[in-house]
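Biologist: I would like a close look at a single part here, the nonpolar packing. Please keep it brisk.

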Amino acid sequence: MASYILRRILMVFPIIFGILVLTFLIKALIPTDAVTALFSGTITEEKAAEAIALIRAKYHLDLPWHRQFGIYVWDVLHLDLGDSIRTRRPVTEEIGFRYVNTLILTFAALVVAIFVGLVTGLLSAYFKDTWIDVTSMSVGMMGISMPAFFFGFVLIFIFSVQLRWLPVIGRGDFQSLILPALTLGFIEAAALSRITRSSMLDVLSREYVRTARAKGLSERYILFRHALPNALLSILTIIGLQIGNLLGGAFIVEVIFGWHGIGELAVKAIQWRDFTITQAVILVSACTYVFVNLIVDLLYTWVDPRINYE
Amino acid sequence: MATTMHERGETFSTPERSNFARAMRRLLRHRSGQIGGVVVLTLVFFALAGESVLPYETLAIDPINRLQPPSLEHFFGTDELGRDLFSRILYGSRYTLMIGLVSTAIAATGGITLGLLAGGGGKLADMLIMRVVDVLLAFPYILLLLAIIAILGPSLWTSMFAVGVAGIPGYARLIRGEVLALKEAEFVEAMRALGAGHLRILFGTILPNVTSQMVIYASFTIPLAVLAAAALSFLGLGAQPPAPEWGAMLVDARTFLRTAWWVVAAPGMAIFISILGMNLFGNALRDVLDPKEMSK
């Protein structure tokens, strides 16, 4: 077990390295570099060439690739993500509070997704082939096919425009968190519900469940004490993977609701060609995802001590 | 010797074909296959038909009839420039189909190449390719898309390319797994014993036997690819207005929710119904192609 945990932790390093390479490529591969774009047409060409050279030197764009990459990694290790090309402010400052906002949204959506997904999945499995199952699976199918950016507008139309219960656009308070969290949560709940259902059905057909029934245990006892804990193992893995979807989905939902998270910033930064911000947002969210999955995997060893990780 | 091999190849593919015919018959009887099939065929029809079958031109501006609610004249109403939404939506199916096909072609071609190389090309190639694939798979999908678009700049083509490239690792892993499993299969052994070369076994024997797995996988990834590309257009990172791409038509949706809900509902429902259709069709396809189901 200890060796598995150690190996699992060591596995993070090549992945982080890969993330660093990929985010570095964002800067290195951009064909029209942002510096040129910044000055084009604003000053005379001679002056522009001078300014471009200066700024290129500042961002080390004139150095060979391997040196640029070295400097990049060194800076990241010192938590220096550079300055935004557009606003000149340190990227860490630009990202800081937005990162927290994105985490809040993702976490709220995760709670919604787990609650809705588990409940509907359990009901479906327990009432297999009844109208409850059929309804919940049909709704789930619709959820999987529903684009977040349309579902969000449907919710805004119902709850903000028609009923006037909730604000249309984010103010950063709890009220404006509700709709984004529901949008993101419901859509992820659809997938989770299907997986909960199938792993519950799988577990319910096992022999130990039949034994439990033969012993005369009540159905509810079997469901919650025998079946659910075992089904939860595969559900937990999926939840870990879904956090990636939630983080990515949050990027879209943030734009719909004007929620000031890193996703909203990333989309703007790509349009502005502000590579330091794009780079930093992708780096930070990918690392978050990797660490969350590490935690989920480690939790897994704790939840399921049977498994021999060799 | 060569003819025996050829004959052998024939006997392998014969039961496959009858299985295919049986699968098709089952697909036609499958309820969600029928519903999904109708949606997909409608999509294909309007994508191929182009402007000629549409009641209005997709870019024709009519300032007097702007933001008209749905009526007999304009089934889905008109947008802020008076363009007929019904025509724009139908024409938009062209983008949806193109995005689905192009991005899946990129993902599958790249994935097959890497997967065959990893599964059949020796230990070093396997290790190198799978390390990269693992890193890419550990990356949340949308971040990969954003990274690629950040490099190439936002446009319809880069969004398709990005969705395609982001799909490569998934296909590569699938193909590699299948290759490794099939490498030891008896019919592959037989081909090797008959003197077939490495490449011939990889492309001629193993690859055809991975097809149904790939179709099943594609039935998952195509709707996801279409959804992702539409999301990118919505974010302003894919197809750009005034192109009647459904995601791009939702860019200014929020401003119209109060006054003209149909401007939002039309493209939104179009995406929803198409994806639902593709998912239903995919479900049916998986049901009829699943080898366990086939033996029943």
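How many residues does the largest nonpolar core have, and which residues have the most contacts inside it?

Modeller: A caution before the answer: this is a predicted model, where local features need pLDDT of at least 70, side-chain atom pairs count only at pLDDT 80 or more, and totals for chains, interfaces and linings use all residues. Residues are numbered from 1 along each chain as its sequence is written, while chains are lettered from A and ligands numbered from 1 in the order in which they are written.

A nonpolar core is a set of buried Ala, Val, Leu, Ile, Met, Phe, Trp, Tyr and Cys residues joined through C-beta atoms within 7 Å. Buried requires 20 or more other C-beta atoms within 10 Å of a residue's own, exposed means 12 or fewer, and partly exposed is in between, with C-beta atoms placed from the backbone.

The largest such core has 148 residues. A:Val281, B:Leu145, B:Leu146 and B:Ala147 have the most contacts inside it (a contact is two C-beta atoms, placed from the backbone, within 7 Å). H10(B) gives this core its largest share, 18 residues. Another core, of nine residues, lies apart from it and includes A:Met200, A:Val203, A:Ile222 and A:Leu223.

Take A:Val281. Leaving out residues up to four places away in sequence, A:Val281 touches A:Ile95, A:Ile262, A:Leu265, A:Ala266 and A:Ala269.

Now chain B as a whole. Chain B has 11 helices and zero strands (DSSP runs numbered from the N terminus: H or I of at least four residues for helices, E of at least two for strands). Of its 296 residues, 45% are buried. Take the contacts in chain B between residues at least 6 apart in sequence: 68% of them join residues at least 24 apart. Along the principal axes, the C-alpha atoms of chain B fill a box of roughly 75 × 45 × 30 Å.

Next, the boundary between the chains. Here 33 residues of chain B are in contact with 38 residues of chain A. On the chain B side, the elements giving two or more residues are helix H4 (123-137), helix H5 (141-152), helix H8 (198-234) and helix H10 (261-289). That side divides into 28 nonpolar, three polar and two charged residues. For this count, Ala, Val, Leu, Ile, Met, Phe, Trp, Tyr, Cys and Pro are nonpolar, Asp, Glu, Lys and Arg are charged, and the others, Gly among them, are polar.

H5(B) also packs on a neighbour in its own chain. B:Tyr141, B:Leu144, B:Leu145, B:Ile148, B:Ile149 and B:Leu152 in H5(B) meet a set in H6(B) that includes B:Phe161, B:Ala162 and B:Val165. This contact divides into 11 nonpolar, two polar and no charged residues. The axes of H5(B) and helix H6 (residues 156-183) of chain B come within 9 Å and cross at roughly 135° (axes are lines fitted to C-alpha atoms, for helices over the stretch in contact, and angles run from 0 to 180 degrees between N-to-C directions). H5(B) is therefore oblique to H6(B) (under 35 degrees is roughly parallel, over 145 roughly antiparallel, 65 to 115 roughly perpendicular, the rest oblique).

Last, a backbone detail in chain B. The peptide bond from B:Pro241 to B:Pro242 is cis, with omega near 10°. B:Pro242 sits in the loop between H8 and helix H9 (253-256) of chain B.
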